[in-house]
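Q: Could we go through this structure together? I would like to begin with contacts and then move on to the fold.

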Amino acid sequence: MFKRILIPVDGSDTSNKALVAGLQMARETSASVRLVHAVNEMAYLGGIDPYGTYSADLAGMMREGGAKVLTDAMAVAQSAGIEASQALLDEPGKRLGETVAEAAKLWGADLVVVGSHGRRGIGRVLLGSGAEQILRHAPVAVLVIRSAVS
């Protein structure tokens, strides 16, 4: 079955559901796990100066936030008894799907487990769909864990 599971995390409830599902699969299949957080510059367009660069403060805050998300996810893995590695992906100019696809390819993942908020309509248009991007670009199988639909 799957031997190398990549789990992108962002600290949201939906991402945490995907984390738990991915860790459970890893336990059942004795798979290796890599947790990744992509610094998503597209989500912070308001922080770009007129010359197209980030202020140092914003870039630092984004990295610090990503490091915290990874630390928290590693704690979940550890409490589940799963060994995992981690990577902070900071590739300016790349969209989330491209960044995660490249990470999956470089690490040799054979599965990506990702959470989806299940947004529709204008919310999806305005906020985009990270899970959809990952599905389009991933070089391997993708398991999408949906949030509770109300």
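A: A definition is needed beforehand: contact means heavy atoms within 4.5 Å. The model discussed here is a predicted one.

Q: Then which residues does L35 touch, leaving out those up to four places away in sequence?
A: L35 touches I7, L19, L70, A73, M74, A84, S85, Q86 and A87.

Q: And what stands opposite L35 in β2?
A: That residue is I7.

Q: How do β1 and β2 pair, parallel or antiparallel?
A: They pair in the parallel sense, over 5 bridges. Together with α1, these two strands make a right-handed β-α-β unit.

Q: What about β1 and β4, and which residue is the bridge partner of I5 there?
A: β1 and β4 also pair in the parallel sense, over 2 bridges. The bridge partner of I5 in β4 is L111.

Q: How many residues of β1 are buried?
A: Of its 5 residues, 4 are buried, so β1 is largely enclosed by the rest of the structure.

Q: Let us turn to the core. How many residues are in the largest nonpolar one, and which have the most contacts inside it?
A: The largest nonpolar core has 20 residues, and those with the most contacts inside it are I5, I7, V9, L19, V33, L35 and V113. The elements that give two or more residues to this core are β1 (4-8), α1, β2 (32-38), α2 (56-79) and β4 (111-116).

Q: Which element supplies the largest share of this core?
A: The largest share comes from α1, with 5 residues. Another core, of 16 residues, lies apart from it and includes W107, A109, V114 and A138.

Q: Where is A138 found, and is this residue buried or exposed?
A: A138 is in the loop between α5 (130-137) and β5 (141-146). Its relative accessible area is 18%, and because buried means under 20%, A138 counts as buried.

Q: How far is A138 from E98 in space?
A: Their C-alpha atoms are 7.8 Å apart, while the two residues are 40 apart in sequence.

Q: W107 came up a moment ago. What lies over the face of W107?
A: R4 lies over that face, at 4.1 Å from the ring centre.

Q: And how many aromatic pairs does the structure hold?
A: The structure holds 0 aromatic pairs.

Q: Back to α1: where is T14, and what does T14 touch?
A: T14 is placed in helix α1, which covers residues 13-29. Leaving aside residues up to four places away in sequence, T14 touches G115, S116, H117, I145 and S147.

Q: Why does T14 count as buried?
A: T14 counts as buried because its relative accessibility is 6%, and the cut-off for buried is under 20%.

Q: Now the loops on either side of α1. Which residue lies between β1 and α1?
A: G11 lies in that loop. G11 is partly exposed, with a relative accessible area of 44%. Outside the range of four places in sequence, G11 touches N16 and V69. The C-alpha atoms of G11 and G66 are 8.8 Å apart, with the two positions 55 residues apart in sequence numbering.

Q: And which residue should I look at between α1 and β2?
A: S30 is placed in the loop between α1 and β2. Its phi is near 55 degrees, a positive value in a residue other than glycine. S30 is exposed, with a relative accessible area of 62%.

Q: Moving to α2, is A59 buried or exposed?
A: A59, which is found in helix α2, counts as buried at 12% relative accessibility. The C-alpha atoms of A59 and V39 are separated by 8.8 Å, and these residues are 20 apart along the chain.

Q: To finish, how many helices and strands does the protein chain have, and in what order do they run?
A: The protein chain has 5 helices and 5 strands. From the N terminus on, the elements run β-α-β-α-β-α-β-α-α-β.

Q: What share of the chain is buried, and what share of the contacts joins residues at least 24 apart?
A: Buried residues make up 37% of the 150 residues in the protein chain. Among contacts between residues at least 6 apart in sequence, 73% join residues at least 24 apart.

Definitions and conventions
Residues numbered from 1 in each chain as written. Predicted model: local features only at pLDDT ≥ 70, side-chain atom pairs only at ≥ 80, totals over all residues. Heavy atoms only, no water. Buried < 20%, exposed > 50% of the residue type's maximum accessible area, 1.4 Å probe, protein only. Core = buried A, V, L, I, M, F, W, Y, C linked by side-chain atoms within 4.5 Å. Pairing = 2+ DSSP bridges. Right-handed = clockwise from strand over helix to strand, strands pointing away. Phe/Tyr/Trp six-rings, centres within 6.5 Å; stacked < 30°, edge-to-face > 60°. Lys NZ or Arg CZ within 6 Å of the ring centre and 35° of its normal.
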